[in-house]
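Here are some exercises to work through with the structure open beside you. Try each task before reading its solution.

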Amino acid sequence: MLLSLRKIWFLPATLTLLVFVCGAASVLAVKREPAKHRADLLDARARWSGRPFDAYLMRLRDRGCRMEVEVRSERVIKTRYAARPCEQPPVAVRDLFDLVGRHGTVRRTCVSRGCACDDVLSVRAEYHPTLGYPQMLEITLTPTPNWRHADFWQAVWKTRSLDACNDLPVGSRILTVVSLTPLP
């Protein structure tokens with residue numbers, strides 16, 4: 001009888017320990033991703049800061065739109081469009097780094113059901129191996145629950161679900177630096 005009672009307690013204790021270990025591992029994995037994102041960004045900025053030129057011509061592609069931007073001292077001097085003006089405003093590399101740095105922040109508040117959902121910005125970047133500038137940015141806006149607002153809890157009450165934002169579309173686009181050429 002004593003042996004079977006120990007077996008009964010052993011199973012729930014083991015399951016509880018397993019759930020705790022898995023939860024702790026997932027929290028650590030989630031915390032590592034932003035740390036790696038920041039470290040990659042800092043490394044890329046350092047490489048860009050060490051470049052031997054101050055003026056450059058950058059060609060960008062965004063949603064099929066192409067533009068050529070002339071930059072001096074990280075200020076846009078001149079912009080030329082291949083066909084029509086783009087939704088993306090002309091930017092310098094500094095602006096691209098700033099965009100990468102906003103990864104994980106709320107881009108737009110109150111996007112649905114009053115203020116039940118916010119759009120959270122995610123930016124995945126690939127950097128030039130030598131100069132460090134972002135060559136490709138995958139920019140995503142994801143509707144995310146706004147737990148701090150009463151509208152979220154009203155939506156939960158109405159839908160009887162914590163998935164108040166799951167039916168909203170996720171917006172994504174890719175901004176590519178096609179080329180970057182130093183200018184005299």
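Buried means under 20% relative accessible area, exposed means over 50%, and partly exposed lies in between. Keep in mind that this is a predicted model.

**Exercise 1. Class of a tryptophan**

Task: Decide whether W153 is buried, partly exposed or exposed, and find the surface patch that includes W153.

Solution. Start with the location: W153 belongs to helix α3, which covers residues 150-159. Next, take the relative accessibility of W153, which is 44%, so W153 counts as partly exposed. Finally, look at the surroundings: W153 joins W147 and L162 in a nonpolar surface patch. Together these three residues have about 350 Å² of accessible area.

**Exercise 2. The overall layout**

Task: Work out how many helices and strands the protein has, and in what order the elements run.

Solution. Counting gives three helices and seven strands. Reading from the N terminus, the order is α-β-β-β-α-β-β-β-α-β. To round off the overview, the protein has 184 residues, of which 33% count as buried.

**Exercise 3. An aromatic pair and its cluster**

Task: Classify the geometry of the ring pair W48 and Y56, then name the cluster to which they belong.

Solution. The structure holds eight aromatic pairs, and W48 with Y56 is one of the pairs to examine. A pair of aromatic rings is described by the distance of the centres and the angle of the planes. Here the centres are 5.3 Å apart and the planes stand at 85 degrees. Planes over 60 degrees apart count as edge-to-face, so the pair of W48 and Y56 is edge-to-face.

Now check the burial of each partner. W48 counts as buried because its relative accessibility is 5%. Y56, at 0% relative accessibility, counts as buried too. The last step is to widen the view: W48, F53, Y56 and Y133 make up one aromatic cluster.

**Exercise 4. Arginines over rings**

Task: Find the ring that R51 lies over and the ring under the charged end of R160.

Solution. Begin with R51, which lies over the face of F53, 6.0 Å from the ring centre. Then turn to R160: its charged end sits over the ring of W157, at 4.3 Å from the centre.

**Exercise 5. The partners of R51**

Task: Identify the salt bridge between R51 and D54, compare the burial classes of the two residues, and find the network that includes them.

Solution. The side chains of R51 and D54 meet in a salt bridge, with an N to O distance of 3.9 Å. R51 counts as buried because its relative accessibility is 16%. D54 has 41% relative accessibility, so D54 counts as partly exposed. Following the shared partners, salt bridges join R51, D54 and E74 into one network.

**Exercise 6. A buried charge**

Task: Explain why D62 counts as buried, and describe what its side chain pairs with.

Solution. First place the residue: D62 is in strand β1, residues 55-62. Its relative accessibility is 4%, and therefore D62 counts as buried. Side chains of opposite charge can pair when their charged atoms come close. In this model D62 forms a salt bridge with R173, whose closest N and O atoms are 3.1 Å apart. The pair links distant parts of the chain, with D62 in strand β1 and R173 in strand β7, 111 residues apart.

**Exercise 7. A bridge between strands**

Task: Say which strands the salt bridge of E138 and R124 ties together.

Solution. The structure holds 13 salt bridges. In the one between E138 and R124, the closest N and O atoms are 3.0 Å apart. E138 lies in strand β6 and R124 in strand β5 (residues 117-127), so the pair ties together parts that are 14 residues apart in sequence. For burial, E138 is partly exposed because its relative accessibility is 25%. R124, with 42%, is also partly exposed.

**Exercise 8. Two more strand residues**

Task: Decide whether T140 and V177 are buried or exposed, and find a contact of T140.

Solution. T140 lies in strand β6, residues 134-145. Its relative accessibility is 16%, so T140 counts as buried. A polar contact of 3.4 Å joins its side chain to that of S172. V177 is in strand β7, residues 171-183. With a relative accessible area of 6%, V177 is buried. The C-alpha atoms of V177 and R66 are separated by 9.9 Å, while the two residues are 111 residues apart along the chain.

Notes: Residues are numbered from 1 along each chain as its sequence is written. This is a predicted model: local features need pLDDT of at least 70, side-chain atom pairs count only at pLDDT 80 or more; totals for chains, interfaces and linings use all residues. Side-chain values use heavy atoms; hydrogens and water are left out. Patches are made of residues with over 30% relative accessible area and no salt bridge: like charges are joined within 9 Å, nonpolar side chains (Val, Leu, Ile, Met, Phe, Trp, Tyr) within 5 Å. Accessible areas come from the Shrake-Rupley method with a 1.4 Å probe; for residues, only the protein chains shown count as cover. A salt bridge is a side-chain nitrogen of Lys or Arg within 4 Å of a carboxyl oxygen of Asp or Glu. Helices (H or I, at least four residues) and strands (E, at least two) are DSSP runs, numbered from the N terminus. Buried means under 20% relative accessible area, exposed over 50%, partly exposed in between (1.4 Å probe, protein chains only). Rings of Phe, Tyr and Trp (its six-membered ring) pair if their centres lie within 6.5 Å; planes under 30 degrees apart count as stacked, over 60 as edge-to-face and the rest as tilted. A charge sits over a ring if NZ of Lys or CZ of Arg is within 6 Å of the ring centre and within 35 degrees of the ring normal. A polar contact is a pair of N or O atoms within 3.5 Å; within protein, one must be able to donate a hydrogen and the other to accept it, and residues adjacent in sequence count only if both atoms are side-chain atoms.
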